[in-house]
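Trainee: I've just opened this one and I'd like a close look at a single part of it. Could you take me through the salt bridges, slowly, and say where each partner sits?

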Amino acid sequence: MKNKLKTLITIVLILSLAIPFSAVAAEEEEKVYTLEEVIERGLDRSLRIKSTEYDLDSVEIVRDKANINLTFIPTEQFFTTPGPMIAYRQKRALDRAYESTRDTLEMEIDSVRFDLIKKYQALLEAIQDVQQAEKERHIQDVLYNISTMRSRLGLISDIEATSSSQLFEMARSNLRAKQNELDKAYQNLNALIGFEPEERYQIEESTFADISQELTDSDLIRLKSLGREGLLIRILDRGLEQTEFEYNFYVFNDPSSKPLEAIEKDIKSEEANIESTKRSLEEATRNLFFNAQQIQKNYNDLQMKHSTDQLLHRIKQIQLDLGMITKTELMQSEKTLLENEANFVSLRNAFNEIMFMLHYPHVTSR
């Protein structure tokens, strides 16, 4: 009797200890990551960003320890000897190296952010695709079972039965393909945020830009201005400033310098390149902007369609209760609503990516 009591107590203790662990496991399984959390993890783990940060630290150390003592700041004139310019050139070179590395770091951060956004949104769409494929497989499963029963009763031909079987197999195959794509989407994002390839979790849709806020001509003007004054132009302007510096502080007896006439041509070339880049940015901004507006229109159209589909679905539910339609017809209606939801996600994702590129046009040049 005592042994039985001890055994019972042991079982109770084991079960009582197992419950908290099960609750913790369930809580971990239900962990939901937002886009902001994913971006934070991705930026912290990016080796590209870390490498550029180390480069920036190195350049800053060299610049700070150079201890360049300028007895005077040279004025814009021709120098017959390189002596007065050596210290000044060295200081300017170190300053420019620091500014360039800092810009490179900014570009890397924005590029990693954009990559994380795309991978995150690809995972969202993959999840939606699996849900649609599961719905389609379920519908075809029901239709296949009905077809099998009718075939046994001789109510349909062998061709009709075979066709139903093929549709069912196609739905199963499509579901497997979508599940494989979902696995790849998880693995692609996991690689960026430091999770194991097999790690699975939930994510929620996050919005970089509000698709419901209508874009206007004033937005186009503002976005074009962002491109003209953005990072790409700033980098080109710095190169032009360096060339102008070499021209304005030209040293005739410095064998490392180009001829003065050649530097003058370089200045004109870089000025033309900057102007060309500004025009290209404006054209790209305009095209992206119009694409964003078209996505907004498609989104509004889909909202109207979805409202109609929801109304039709409610009618079908009533018809099913009255025995006027079959369960499979209602399931087809549910599938339509699910497709609409997936299209909403795709349109919002596309809008987010375009608006990111409009605000950070340098990400497309990486």
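Mentor: Here's a walk through the salt bridges, with a little background on the whole chain to begin with.

Keep in mind as you look around that this is a predicted model. The protein has nine helices and two strands, and going from the N terminus the order is α-β-α-α-α-α-β-α-α-α-α. Of its 366 residues, 33% are buried. The accessible surface adds up to about 22,400 Å², with 53% of that belonging to carbon and sulfur atoms. Also handy: if you take the contacts between residues at least 6 apart in sequence, 82% of them join residues at least 24 apart.

Now to your part. Side chains of opposite charge can pair when their charged atoms come close. Searching the whole structure turns up 26 salt bridges, and we'll pick out a few of them.

Start inside a helix. Find α4, which covers residues 83-152, and look for Asp115 and Lys119, both in that helix and four residues apart, or about one turn. Their side chains form a salt bridge, with N to O at 2.8 Å. How covered up are the two partners? Asp115 has a relative accessible area of 19%, and because buried means under 20%, Asp115 counts as buried. Lys119, with 24%, is partly exposed.

Next, slide along to helix α5, residues 158-193, where Lys178 and Glu181 are three residues apart, again about one helical turn. These two make a salt bridge as well, and their closest N and O atoms are 3.8 Å apart. Because a salt bridge here needs the nitrogen within 4 Å of the carboxyl oxygen, the pair makes the list. Both partners can be found at the partly exposed level: Lys178 has a relative accessible area of 22%, and Glu181 has 40%.

Now for a pair that reaches across the chain. The side chains of Arg348 and Glu205 meet in a salt bridge of 2.5 Å, N to O. Arg348 belongs to helix α9 (residues 327-359), while Glu205 is in the loop between β2 (202-203) and α6 (217-228), so this salt bridge ties together parts that are 143 residues apart in sequence. Arg348 is buried, at 18% relative accessibility, whereas Glu205 is partly exposed at 29%.

Stay with Arg348 for a moment, since there's another partner to see. The side chains of Arg348 and Glu205 are also joined by a polar contact of 2.5 Å. On top of that, the Arg348 side chain makes a polar contact of 2.7 Å with the side chain of Tyr299. If you set aside the neighbours within four places in sequence, Arg348 is in contact with Glu205, Ile211 and Tyr299. So the picture around this buried arginine takes in a salt-bridge partner, Glu205, and a polar partner, Tyr299, along with a contact to Ile211.

Finally, have a look at a group that goes beyond a simple pair. Glu99, Asp103, Glu106, Arg234 and Arg238 are linked in a network of salt bridges. Try picking out those five residues on screen.

To pull the pairs together: Asp115 with Lys119 sits within α4, Lys178 with Glu181 sits within α5, and Arg348 with Glu205 links helix α9 to the loop between β2 and α6.

Methods: Residues are numbered from 1 along each chain as its sequence is written. This is a predicted model: local features need pLDDT of at least 70, side-chain atom pairs count only at pLDDT 80 or more; totals for chains, interfaces and linings use all residues. Side-chain values use heavy atoms; hydrogens and water are left out. Buried means under 20% relative accessible area, exposed over 50%, partly exposed in between (1.4 Å probe, protein chains only). Contact means heavy atoms within 4.5 Å. Accessible areas come from the Shrake-Rupley method with a 1.4 Å probe; for residues, only the protein chains shown count as cover. A polar contact is a pair of N or O atoms within 3.5 Å; within protein, one must be able to donate a hydrogen and the other to accept it, and residues adjacent in sequence count only if both atoms are side-chain atoms.
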